[in-house]
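Work through the exercises below with the sequence and coordinates open beside you, and try each task before reading its solution.

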Amino acid sequence: DPQQLELAMSSKRKLRRFIVIDEVVDELYGSKVREYFEENNVQHKILALPTTEETKSMDLVLNILQEVQNFSIDRRTEPIIAIGGGVCLDIVGLAASLYRRRTPYIRVPTTLLSYVDASVGAKNGVNFLQCKNKLGGYTPPVASFLDRSFIQSIPRRHISNGLGEILKMALMKHKGLFDLLKSHGKYLLDTKFQSYSGSADHGDAALQTTRIAIETMLEELAPNLWEDDLDRLVDFGHLISPELEMRVLPSLMHGEAVNIDMAFMTYVAYTRGLVTAEEKEQIIQCMRGLELPVWHSGCSWPLIKRALMERLKHSGGQPRMPLPTGLGVAEIFNDTSEETLARAYKLWVSD
């Protein structure tokens, strides 16, 4: 807003910003961030923290709030800035929502997963009693700033991890996105989602893929920001994965656990006759091409049953199971029998 900008620049008071940055991101980009604030004459405090699933707790939220209190921000004009992966954005979002009931915050995602997933929507939260995101709220950021150049410094496995969430949207809503991932997956992994002028064969696959993933995510989230409607296609891959991810920490990353869940649910869809053998094979081969795990020994039959029971508790007594009914199309089902699930599990394990 030009008026706000003019007001800020003409103000006698010096601009001030409180920034929380993941400690790994700080090592890579911290000097640039500091230089940016210094050059723009902004008084700032940068708090570098280890933001991982293991540290994603209320304790870390309280540490942040202690530092915010010491720095003393004006909650109307001084948004807190979060720079990091999804865990960092979740923790800072919760801290901001609690400080003086609601302090604005800005998300700057630095991993592919957070770029297409955590940067969108209103949710924030932390783990509690070994349960994923058990404490949290719905407070949207005032802005999300997306810059794919951050992604070039993350390891290949992290790129693959983010591709898990992109594939989720492709399978649920967008055949074109599925085709993009099938034909350009290896290229996207090799180039780390950077755009190059000399890549005519691939068009701008990185821009197309991330844009469609975010747009389809927004289509799903925007009309149902507070999750009043529990029938959510974006829950695909999230019925069993929370239980699995927390059980085997830190061996699986979020997108990997989601993909294992999606692989099993693809077998459920096949067993129900919703997808053909060829479609099932295409989905599994695409997952392999994106270097995502399609099975994990920790995903036992008892764990699956327990996770689905947990699902019933917080989804109004219905499983609300999103399943593909083809490539890029899906529906939500409440009538999958335990016998069908058991047959799908048996086939999945034997394959």
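The exercises that follow concern the nonpolar cores and the salt bridges of this predicted model.

**Exercise 1. The largest nonpolar core**

Determine which residues of the largest nonpolar core touch the most other members, and which helix gives the most to this core.

*Solution.* Begin with the members: the largest nonpolar core has 71 residues, and among these Leu167, Phe264 and Met265 touch the most other members. Turning next to the helices, the greatest contribution to this core is made by helix H10 (residues 254-271), which supplies 10 residues. As a last step, consider the domains: at least three residues of this core come from each of domain 1 (12-152) and domain 2 (156-195 + 202-223 + 231-350).

**Exercise 2. The surroundings of Phe264**

Leaving aside neighbours within four places in sequence, list the residues with which phenylalanine 264 is in contact.

*Solution.* Once those sequence neighbours are set aside, the contacts of phenylalanine 264 are Ile240, Ile304, Leu341, Ala344, Tyr345 and Trp348. Apart from the core treated above there is a second, separate one of 25 residues, which includes Leu49, Ile64, Leu89 and Ile91.

**Exercise 3. Salt bridges between helices**

The structure holds 28 salt bridges; for the pairs glutamate 220 with lysine 173 and arginine 306 with glutamate 243, state which helices are tied together.

*Solution.* Take first the bridge between the side chains of glutamate 220 and lysine 173, for which the N to O distance is 3.0 Å. Because glutamate 220 lies in helix H8 (residues 205-221) and lysine 173 in helix H6 (residues 156-173), this pair ties together parts that are 47 residues apart in sequence. Lysine 173 is partly exposed, its relative accessible area being 26%.

Take next arginine 306 and glutamate 243, whose closest N and O atoms are 3.1 Å apart in a salt bridge. Here arginine 306 belongs to helix H12 (residues 301-313) and glutamate 243 to helix H9 (residues 241-247), so the parts tied together are 63 residues apart in sequence. Arginine 306 is partly exposed at 35% relative accessibility, and glutamate 243 is also partly exposed, with a relative accessible area of 22%.

**Exercise 4. A salt bridge within one helix**

For the salt bridge between glutamate 310 and lysine 313, state whether each residue is exposed or partly exposed.

*Solution.* The closest N and O atoms of this pair are 3.2 Å apart, and the two residues, three apart in helix H12, are separated by about one helical turn. Glutamate 310, at 26% relative accessibility, counts as partly exposed, whereas lysine 313, with a relative accessible area of 66%, is exposed. Elsewhere, Lys123, Glu227, Arg232, Asp235 and Arg311 are joined into one network by salt bridges that share partners.

Terms used:
Residues are numbered from 1 along each chain as its sequence is written. This is a predicted model: local features need pLDDT of at least 70, side-chain atom pairs count only at pLDDT 80 or more; totals for chains, interfaces and linings use all residues. Side-chain values use heavy atoms; hydrogens and water are left out. A nonpolar core is a set of buried Ala, Val, Leu, Ile, Met, Phe, Trp, Tyr and Cys residues joined through side-chain atoms within 4.5 Å. Buried means under 20% relative accessible area, exposed over 50%, partly exposed in between (1.4 Å probe, protein chains only). Helices (H or I, at least four residues) and strands (E, at least two) are DSSP runs, numbered from the N terminus. Domain bounds come from an automatic or database domain assignment. Contact means heavy atoms within 4.5 Å. A salt bridge is a side-chain nitrogen of Lys or Arg within 4 Å of a carboxyl oxygen of Asp or Glu.
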